2 protein chains.
Amino acid sequence: MTSPLRSTLDFLLHDWLQAESLTARPRFADHSRETFDAVLDTCERIARGKYAPFNRIVDTEEPRTEPDGAGGLRVVLPACTHDARRAYADSGMLAAAQDYEQGGMQLPYLVDAAANVFFGCASISIGSNLLTTGNANAILAHGTPAQQQVFAANEFNGRWAGTMCLSEPQAGSSLSDIATRAEPDGEGFDADPLGPRYRLRGNKMWISAGEHELTENIVHLVLAKIPGPDGKLVPGVKGISLFIVPKQLVDAEGQLTGERNDIALAGLNHKLGWRGTTNTLLNFGEGKYPVRAEQGGGLDGAGAGAIGYRVGAPGEGLKCMFHMMNEARIAIGMAATALGLAGYYASLDYARQRLQGRPMGAGGKDAGAPQVALIAHADIKRMLLAQKSYCEGALALNLYCARLVDDGRTGDAQQAQDARLLLELLTPIAKSWPSENCLEANSLAIQIHGGYGYTRDFSVEQYWRDNRLNMIHEGTHGIQAMDLLGRKVLMQGGATLALLARRVRATAQAAAAVPPLALHAAQLGDALQQLLDVTQEAWAGGDAQQVLANAVPYLQAFGHVVLAWVWLDLALATLRSDAQLAQPASAGRLGAARYFFHYELPKIDAWLAVVRRCDSTCADMASEAF
Amino acid sequence: MTSPLRSTLDFLLHDWLQAESLTARPRFADHSRETFDAVLDTCERIARGKYAPFNRIVDTEEPRTEPDGAGGLRVVLPACTHDARRAYADSGMLAAAQDYEQGGMQLPYLVDAAANVFFGCASISIGSNLLTTGNANAILAHGTPAQQQVFAANEFNGRWAGTMCLSEPQAGSSLSDIATRAEPDGEGFDADPLGPRYRLRGNKMWISAGEHELTENIVHLVLAKIPGPDGKLVPGVKGISLFIVPKQLVDAEGQLTGERNDIALAGLNHKLGWRGTTNTLLNFGEGKYPVRAEQGGGLDGAGAGAIGYRVGAPGEGLKCMFHMMNEARIAIGMAATALGLAGYYASLDYARQRLQGRPMGAGGKDAGAPQVALIAHADIKRMLLAQKSYCEGALALNLYCARLVDDGRTGDAQQAQDARLLLELLTPIAKSWPSENCLEANSLAIQIHGGYGYTRDFSVEQYWRDNRLNMIHEGTHGIQAMDLLGRKVLMQGGATLALLARRVRATAQAAAAVPPLALHAAQLGDALQQLLDVTQEAWAGGDAQQVLANAVPYLQAFGHVVLAWVWLDLALATLRSDAQLAQPASAGRLGAARYFFHYELPKIDAWLAVVRRCDSTCADMASEAF
């Protein structure tokens, strides 16, 4: 039997996003519905066999350290994590969207993203592959051919894993304050075949998969500052450069040289969720593992300093890293969505099987009648419908964004430009909206289970814990909100926002002509106009500090308008397709759309009211008044 | 230095609720501001010394079982739990609100409730005393003098602990389906000095503190059904009776007889939070511990059956138990509030100490300037202010309810009647509103901590996990909502709701005359009218099933209106008091009130819209359409 997730993905990919139409483009010419289906089949099978059964194990047997015999620490992970990693790498999914020359299969990113949802649903934390592909993609985009050949290629083929090292203990959201230094490594520093060679020293915090033995090497992408002639670091983000810092040093052919780089695991963070993936504090270049002392002597003459190869120009580090960060943000949105869906399916199964209570009839309840399944109760349906509208809506939005990635790369010129702009605008929503609303969905999944929901005998409490990280890592809600209101809606003098508005209006116009959707269409049109008006009114005063004080309520309202648009478009696609209408799932989608318009979209009024008037209640509070 | 919690309690007790005025009543004549202060001082000291330092330990060293040497299981708890229990019992707080004859100190319940907040903030799960006092109070209200003397008295004096045994594995929210049977215990069953004696058999689930060795005995209050003449159980709640079932049998003087009752610990539930308190599955009367086989032979002739003493009349069990359940519901609201406050204070400390980023100035940010404390950022203030408005508002509501308990017992006739009715109406709000909104507060406390928030090195993630139980135990959100919309607002033909409305209007009228609050007053008046109109319109159709389908959104809106009223009344009290106005805390309270009116109250429109039109989107969904 087709799983509910697979049915939903099929609808979104084919009935809604016309994935097959991509095969008309040269890059995807070898593909077809059959190859797409085969990828989804394979991923669902691996996720079911190698991920799902072990999701609780990676939570209870969380990563631990033991002495590595060289004065440092090694990380111990359960065997199932090694198995899952191997199965994923063997599937070829790490490079699925890459060129044939890269060993990839030139799969549309849309299909790649859809296939990965199976893994996220089965166990979000057993695999941490999103950073590996993101890392390799950043090197492909900004690295030299040698860097691509040595580092990116060995990540795509599964030999090595990758990380993203931005935060430091004293610098989380505030990247301009990073203090990791990178100094040229001796005289011939700029003649290394792997790129300009530096010695790095500094501490990096919150590094996911920063240390493990799942792969023979780990490729760290590290932000650091190159000191000026006065030896001082340049304040702000302008001084930041990007470096490839491998755990084990390699030669120009990608073979391990047997030299361990000067990177020490300082400790593991113990988290409330997402426990299958290590979260590390890494000390770079403190001299714990001196390396190549003969080559310039490192930072202390005795080989201290982690050896790293600069990617891109000095001072361009944050720009290069944003490539990876944007990809990671969308991946986090997808992870939050997958966790939300996992909880939705679990609570749906439970609600169908668990008998409890009786419906209220005209004359009250008949205590002598047999109990009914939970799902017979309206309030249980409400909680299921809320989950469905959050999670399937978030899935649709994320796949829409994945399709924009494809259009940005392979569409015609106008299509490609529009797609890239829209993607930039929607990235903070794709990251933040699922991380907030699919977390709420997980809470509802617990609620449906009653007392069983808060026990560790059921899966839903873990989804909820796992999901709580998503509003924080890869840029907090506050950071996404500042990005949206402070930068993205202002891009090109507002032309990007206008582009989105045209798409929303097009959906509303199409729906206005379809009687069951006409009211929703009018409601969406009003909501959009309200959003646009508020954006303009807020910025009319022009004081950024006042406007941005309410960036988060703005983000929440913007997200709800986007999701209303998505749901209306999904409803249109459902009604367009006769095949769809024959299925109960079709009534389900129309019900979820209706739920979103009746129960969710009206929430924007309260959020936008404070943005519109630049409400200063919060900003005005004195610190000592709390 | 006075702690922030103590300052807030002092304001609420004295500037707002005029606690000292209670000392004019005969029952409280021995009391004064000094005795009240002494109780608060003592509780804060014990909570700081015996609770707070061990909150993480009871989370990580959760209760476990080991063989008891008699073929069963015993529960092992960390030593700190024993210490905390002893310190609490020794303080006299278990009986503080009781009569002098009961060994109590005739403390107003208001002050008792306020003092207990210190324990809830310090460690919600190390103590589980709320059920002991609730259990003893139910016996005082419905038991015989002997039952009061033997069971209630020994709970108040700390010798024994109490539980509440309602749910069964197949019957959670649906109490009418409980299957535990109680049969008269032999010929002389109704001549026992401890009350009519029965033998019980059945399984009870989710029993908090159902087994432990903190006390020499445990007094279970158990709902069970007495079979009819045909041996069958009566369907529905009418067949339910209430029984005292002690773990160890006792004589009429309250001395242990050395006989173990036939109650077996079947297992512990392992929870996502609130781990310091055992949560048990208890098997009553399965013959594991045969007892008094000579006395009628029990259920099998060999002593099977847990011996229990009926409390109240047959079939009146649920009514008697509601006494305890209502008390437990308010206690859960207070627990959720205490957890919310704990997170608020933790994140406030963190926001004041942690340096991160720079404020946006007229010309953007100056990367060369030193970093500022987190609390300098408007979005951090927003998250602090939201927490403050949720948690201090919830605290005020709960203390208001505690004052209603005092007025219901010791006020003049009219005052007492009004207080009892208002308390009935507000109980579902006092339970549900903090459990939802203070949970959200805990999530904001995590968010303020950034990555540190999701690690177990900080306290906030535990508060969030602990708090997640509160929307479920002692009656889920759905149950509270049905109680409110289906029963409480209809009480006395709506007269109880009208009574609340008069109090709300009185506050709004007083505030209308105070310029800084006039707008809030008008907003509250409108919100109240909207709530009343919607209540009437929804019930005008009269179809209970349709109306109650949206009981939860109604509960949410009702709660927000009540909290807006509370906040406006707090703002009035703040402005009334010159002493208060001199303090920064006064600006803080006015800011929190303003926050609630600007950011929170407007949310009711979305919730009430679906109630008003009896929106059937959820109820109409077919099970197979999900």
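This passage describes the interface between chain A and chain B in a predicted model and the symmetry that relates the two chains.

In the interface, 94 residues of chain B are in contact with 94 residues of chain A, and the two chains bury about 7900 Å² between them, with carbon and sulfur atoms accounting for 59% of that area. Between chain B and chain A, 44 residue pairs are in polar contact, counting pairs in which both residues are at pLDDT 80 or more. Helix H18 of chain B, which spans residues 584–600, supplies the largest share of the side of chain B that touches chain A, namely 9 residues. Divided by class, that side of chain B consists of 43 nonpolar, 30 polar and 21 charged residues.

Charged side chains also pair across the interface, where the count between chain B and chain A is 4 salt bridges. A salt bridge is formed by the side chains of Arg456(A) and Glu62(B), for which the N to O distance is 2.4 Å.

With regard to symmetry, a turn of 180° combined with a shift of 0.0 Å along the axis lays chain B on chain A with an RMSD of 0.0 Å. The two copies are therefore related as by a two-fold rotation axis. In keeping with the superposition, the same surface serves both copies, in that 100% of the contact residues of chain B recur in chain A. Among the residues of chain B, the closest approach to the rotation axis is made by Lys603(B), whose C-alpha lies at 3.3 Å from that axis.

Technical notes. Residues numbered from 1 in each chain as written. Chains lettered and ligands numbered in written order. Predicted model: local features only at pLDDT ≥ 70, side-chain atom pairs only at ≥ 80, totals over all residues. Heavy atoms only, no water. Contact = heavy atoms within 4.5 Å. Buried area = accessible area lost by both parts, 1.4 Å probe. Polar contact = N/O pair within 3.5 Å; in protein donor to acceptor, adjacent residues only side chain to side chain. Helix = DSSP H or I, 4+ residues; strand = E, 2+ residues; numbered from the N terminus. Nonpolar A, V, L, I, M, F, W, Y, C, P; charged D, E, K, R; others polar. Least-squares fit on C-alpha atoms with pLDDT ≥ 70 in both.
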